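Dear colleague,

I am handing over a structure that you have not worked with before, and my notes on it follow below. Please look through the sequence and the model first, and then read on.

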Amino acid sequence: MFVDSHCHLNFPELSADLPHYLNAMVENQVSHALVVSVNQREMPQVLALAEQYPHLFASVGVHPDHQGEPELSVADLCRLADHPKVVAIGETGLDYYRLEGDLEWQRERFRTHIRAARETGKPLIIHTRSAAEDTLRLMREERASEVGGVLHCFTESQSVADQAMEMGFYISFSGIVTFKKAVELKAVAQSIPLERMLIETDAPYLAPVPFRGKLNHPALVRHVAEEIAVLRNVPLTTIASVTTDNFFRLFHHARAAA
Ligand SMILES: [Zn+2]
Ligand SMILES: [Zn+2]
């Protein structure tokens with residue numbers, strides 16, 4: 001069984017044909033998926049999915065790319081996270097790639113999410129793009145190691161992975177690891193300890209090879225696992241069981257809610 005640790009099943013591309021994508025999960029032995037929030041407006045849809053389907057979980061958070069969204073306080077996030085199917089805070093983090101100018105608001109928003117995660121005991125889902133140094137610095141300053149979490153859709157260097165793992169974090173690989181040009185990332189996927197590895201789709205984006213450029217969905221997480229199994233020269237069943245165990249160890253609230 002596989003778990004998609006990060007997807008956006010509530011996005012219209014996928015929710016328009018939800019029964020189809022849920023069925024595809026069953027057919028591909030993808031037993032569970034974590035539906036990740038990107039802003040407060042869409043949280044009711046994310047929570048509704050997790051409430052309706054026992055094998056779907058939810059997170060609450062405001063994505064660093066969503067400039068101009070109302071800022072949630074630590075208390076707001078804690079209140080929203082007080083739900084049995086909410087197993088994580090995020091996605092949060094820093095993205096200096098998509099936005100320019102003074103991004104102090106992004107760093108403040110990230111700090112608020114880390115504080116809420118520590119307060120609720122629900123781990124962090126961290127998005128980082130072109131901002132690894134500041135991401136690690138803020139994780140240290142806000143003592144993210146006390147709650148842990150995952151660097152999702154990992155595309156950074158071995159050194160960034162090592163520093164995150166030192167803080168107790170997991171590293172999640174998406175379809176990017178299947179791309180031919182992702183040579184450095186493949187090397188990271190070969191070397192990090194299996195017990196720190198998660199797999200995800202980030203659907204509807206970033207479909208793995210051989211579906212690159214098409215609509216991504218949680219069932220395709222299987223292809224991420226297949227690539228990692230080949231890279232590490234281990235059976236696919238090993239990657240399946242290890243990453244599933246890791247998911248339920250990190251997102252321990254999911255065990256109780258599953
Ligand atoms: Zn992200
Ligand atoms: Zn995402």
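Which residue bridges the zinc ion (ligand 2) and the zinc ion (ligand 1)? This is a predicted model, and in it the bridging residue is Glu91, with the two ions lying 3.6 Å apart.

Taking the zinc ion (ligand 2) to begin with, its coordination comes from His6 (NE2), His8 (NE2), Glu91 (OE) and Asp202 (OD), at 2.1 to 2.4 Å. Along the chain these donors follow the spacing H-x1-H-x82-E-x110-D. Two of them tie together distant parts of the chain, since His8 sits in the loop between strand 1 (2-7) and helix 1 (12-15), while Glu91 belongs to strand 4, 83 residues apart. The angles among the 4 donor atoms run from 87 to 174°, and the site is irregular.

The zinc ion (ligand 1) has as its protein donors Glu91 (OE), His127 (ND1) and His152 (NE2), which lie 2.0 to 2.1 Å from it. In sequence, the spacing of these donor residues is E-x35-H-x24-H. Here too a pair links distant parts of the chain, with Glu91 in strand 4 (residues 86-95) and His127 in strand 5 (residues 124-129), 36 residues apart.

As for exposure to the surroundings, Glu91 counts as buried because its relative accessibility is 2%, and His8 is likewise counted as buried, at 2%. His127 has a relative accessible area of 11%, so this residue is buried as well, the cut-off for buried being under 20%.

With best regards

Note on methods. Residues numbered from 1 in each chain as written. Chains lettered and ligands numbered in written order. Predicted model: local features only at pLDDT ≥ 70, side-chain atom pairs only at ≥ 80, totals over all residues. Heavy atoms only, no water. Donors = N, O, S within 2.8 Å, 3.2 Å for Na, K, Ca; no water. Helix = DSSP H or I, 4+ residues; strand = E, 2+ residues; numbered from the N terminus. Buried < 20%, exposed > 50% of the residue type's maximum accessible area, 1.4 Å probe, protein only. Tetrahedral: all angles 85-135°; square planar, octahedral: opposite > 155°, others 65-115°.
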